[in-house]
Amino acid sequence: MDASTFITRLQNREFFQRQVVHIQGLPERAPVFDEVPLHPAVRDALALQGIELLYSHQTEAVRRVRDGESIVIVTGTASGKTLCYNIPVVETLIDDPMATALYLFPTKALTQDQLRGVGAFQSPEHGVKFLAGAYDGDTPQNLRRKIRDGASVLLTNPDMLHSGILPGHARWNRFFTHLRYIVIDEIHAYRGVFGSHLANVMRRLQRICRHYGADPQFICCSATIANPREHAERITGVPMTLVNNDGSPRGPKQFVLWNPPPLETAARGNPDSWRVGGDRKSPLWEAVHLMSALVQEGVQTIAFVRTRLAAELLFKHTRDKLRPVSRKLADAVHAYRGGYLPEERREIERRLVQKEILGIASTNALELGIDIGSLDACLLVGYPGTIASLWQQAGRAGRGHEEALVVLIGQNSPIDQYLMTYSDYLFAQNPEQAVVDPDNPHVAVGHLKCAAHELPFHVEESERFGPYTPVLLELLEEDGLLKEFDHRWYWASTEYPATSVNLRNIAGPVYTIQDDGDGAKVIGTMDEISALSQLFTHAVYLHGAETYFVNALDLEQKIAHVERRELDYYTQSVQVSQIRIDETEEEHEWRGATVGFGDVTVTTSTPMFKKIKFHSRDSLGYEQLELPPQSLETVAFWFAPSEEIVHAMQERGMLMGEALIGIANVLVEVAPIFVMCDQQDIGAVVDASCLGRDALFFHDRYPGGMGYARRCLDALDAMMHTALTVIRECGCEDGCPSCVGSAMPAFAQTDIDSTVRDRIPNKEAAVFLLEGLYGKR
């Protein structure tokens, strides 16, 4: 397509109201090829797939693996990372038919897609014949034994490895004895609690491999993040070589930042009143207009949204808008999300490849490397949460030589509005760091139980499972779960420990999420702290991009009774938190303020929740709750402004606590720019009791901490400067959801002056404080 011409023509459309705030041209990149000797059967298999030459990163990866190195490959979307591991694996299978390889993928759909990829190397006429099989919850029982007894390549996910393979390793002894490679695809997706659990699963896997005399190499693939080698080493526990000389081609792109107009502007049609107010038109409706225009011009387009409901709404309204124009075009629009049957998803993927579908509204189900061919345009309805995800999604368009179009449609949130204003951030070096903490005792303890259940645990293995291992082993013995004999710890319980360890939760009471509308089907679990803040009665729970309404939260049985509903709003708990510093690890001065880090206890109650409309973020009201308070022992950093600036604000009638609340609201929103986390991973409390004056505490929302607060402290200067930019550059006068946040209801902050309650935090006070820190007043 001619993206530049299309952008110009958009300005004549009736819905155009100066939404384009920036256009970045991304030049075409020519491929860089290299040569490496290949087995004739592998070369022939590649030729049948239309591959005659290999890119430079592929040949380097093959050489590194042949040299016995463990590697992490970091290249762009659709750069052919799969061949980086399939080629050496298949060559090894040719030389040693007894060899085996384990492939780990984060989703079932990706597992099936990659199964077809490795199957393409089968060549019986050249003597290349091996069994590759997907082993997950959908695998029939009669096929499981065949895979277990004869598979050379096993494709699975971390959950099945943890609960279905490692505990029964004796039945897999053939596979583990000859295991040569462990492939972890999309390793950047394993961060936080999930990544910390995976690192412990890898510790257990390597322990079993050593038991059977195997020492496999790791081959990891990652999207672009700031710390790929460090992250891969934390997950695998082995030294990694970084392969990032991306030789794949990239078609030219026009990357557009599209900011929906403020509602006042939209109502008056006044182009000179662009920066008034904070509420904006729905980005979903902007996407409907854009997708309709693109499809009408025959441009194959994918639009990424955050929820299944949004995908269905975008699909429905785009089809309705196109139907009066052309029924054929309307029928060429579809949705793609989890929840479809596998055969439905495969059919949609086929129609995409065949260009029978021109417009597809998708959740992030199509973000990860499923092969759907080359598309012409990509719409991102809201910032997807991380730069890594943004470029993965944007990479779905522009794989050929023709110019492609990518449009990021801003939502009414601080982080989206910051990116709309400061576009340079998107196109500069990626600063995001993936965070894991496999040594967290609340994570490690469950895997120590699993490890002892799988094999007796020798005392010399303790250091492999982190510094808290000796203490945890003693505690488990006190609980009667382990027995020590001759420097080994033996499992002494009838319990099957793997069932009590959920890779997406942290240790402690676990709540079951039960869909009562589907025969009381369990759709997930959640730790208690998260459950009380996300699964309260009448909450809206998002699961797999689907919206569920919580009919009741049973505190005694620890069950959240939910049913699936098509809802256009989400809920957010309003929490009252007190914080206590238990131990100060460090404290120093920063820009005249006191900054510290240490162990804290956060006591939180949830008196109410608010309902917020998707995309527009309009408040739809509040509802009272009665839930018991919860205590969380975690880590935090704190920031207490100097007495000098406190007095300066008092002289102007400003409240320090109110300024800190506004800043805290922004910091929680912008933290994912600097650390790969979700907003529910972190919390902020403004408290005056710990330090004798108002201070902002920024804490991990997991027992023992997960490393987020520490990384955020390291980036404090950049985070605070970003917060200043977000607040100061917002077009509103007195504060709004795009900067300092929504109005705070009563009880939102019990330790702050009562005049703060029930209104939006004072934007002027927040700006005054931040400008004072940076000497800009």
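Is Glu623 buried, partly exposed or exposed, and what is its relative accessible area? Glu623 is partly exposed, with a relative accessible area of 25%; here buried means under 20% relative accessible area, exposed over 50%, and partly exposed in between (1.4 Å probe, protein chains only). The model is predicted, so local features need pLDDT of at least 70 and side-chain atom pairs count only at pLDDT 80 or more, while totals for chains, interfaces and linings use all residues. Residues are numbered from 1 along each chain as its sequence is written, and side-chain values use heavy atoms, with hydrogens and water left out.

**Figure 1. The salt bridge between Glu623 and Lys611.** A salt bridge is a side-chain nitrogen of Lys or Arg within 4 Å of a carboxyl oxygen of Asp or Glu. In this pair the closest N and O atoms are 3.8 Å apart. Glu623 lies in strand E28 (residues 619-624) and Lys611 in strand E27 (residues 593-613), so the contact ties together parts that are twelve residues apart in sequence. Helices (H or I, at least four residues) and strands (E, at least two) are DSSP runs, numbered from the N terminus. Lys611, like its partner, is partly exposed, at 23% relative accessible area.

**Figure 2. A salt-bridge network of Glu347, Arg350, Arg351 and Glu356.** These four residues are joined into one network by salt bridges that share partners. Side chains of opposite charge can pair when their charged atoms come close. In the whole structure, a search finds 28 salt bridges.

**Figure 3. The salt bridge between Glu230 and Arg711.** The two side chains meet at 3.0 Å, N to O. Distant parts of the chain are linked by this pair, since Glu230 belongs to helix H10 (residues 228-236) and Arg711 to helix H24 (residues 708-714), 481 residues apart. Glu230 is partly exposed, with a relative accessible area of 34%.

**Figure 4. The salt bridge between Arg64 and Glu69.** The side chains of Arg64 and Glu69 meet at a distance of 3.4 Å, N to O. Arg64 is partly exposed, and its relative accessible area is 29%.

**Figure 5. Strand E16 and its two paired neighbours.** Six of the six residues of strand E16 (residues 404-409) are buried, so the strand is largely enclosed by the rest of the structure. Both faces are covered: Ala404, Val406 and Leu408 are buried on one side, and Leu405, Val407 and Ile409 are buried on the other. Two strands pair if DSSP finds at least two bridges between them. Strand E11 (residues 253-258) pairs with E16 in the parallel sense over six bridges, and Ala404 of E16 is the bridge partner of Lys253. Strand E15 (residues 377-381) also pairs with E16 in the parallel sense, over five bridges; here Ala377 stands opposite Leu405.

**Figure 6. A negative surface patch.** The patch is formed by Glu474, Glu477, Glu478, Asp479 and Glu484. Patches are made of residues with over 30% relative accessible area and no salt bridge, with like charges joined within 9 Å and nonpolar side chains (Val, Leu, Ile, Met, Phe, Trp, Tyr) within 5 Å. Lys and Arg count as positive and Asp and Glu as negative, whereas His and the chain ends are not counted. Helix H20 (residues 469-478) supplies the largest share of the patch, three residues. Glu474 has its place in this helix and is partly exposed, with a relative accessible area of 46%.

**Figure 7. Two loop residues with positive phi.** Most residues other than glycine have a negative phi. Asp486 has a phi near 55 degrees and lies in the loop between strand E19 (482-485) and strand E20 (488-491). Asp486 is exposed, with a relative accessible area of 58%. Phi of Lys558 is likewise near 55 degrees, in the loop between strand E24 (546-554) and strand E25 (559-564). Lys558 counts as partly exposed, at 27% relative accessibility.

**Figure 8. Separations along the chain and in space.** Thr5, in helix H1 (residues 3-10), is 591 residues from Gly596 in sequence and 53 Å from it in space, C-alpha to C-alpha. At 31% relative accessibility, Thr5 counts as partly exposed. Arg464 lies in the loop between strand E18 (457-458) and H20. The C-alpha atoms of Arg464 and Gly524, 60 residues apart along the chain, are separated by 30 Å.

Note on methods
Accessible areas come from the Shrake-Rupley method with a 1.4 Å probe; for residues, only the protein chains shown count as cover. The place of a charge is taken as NZ of Lys, CZ of Arg, CG of Asp or CD of Glu.
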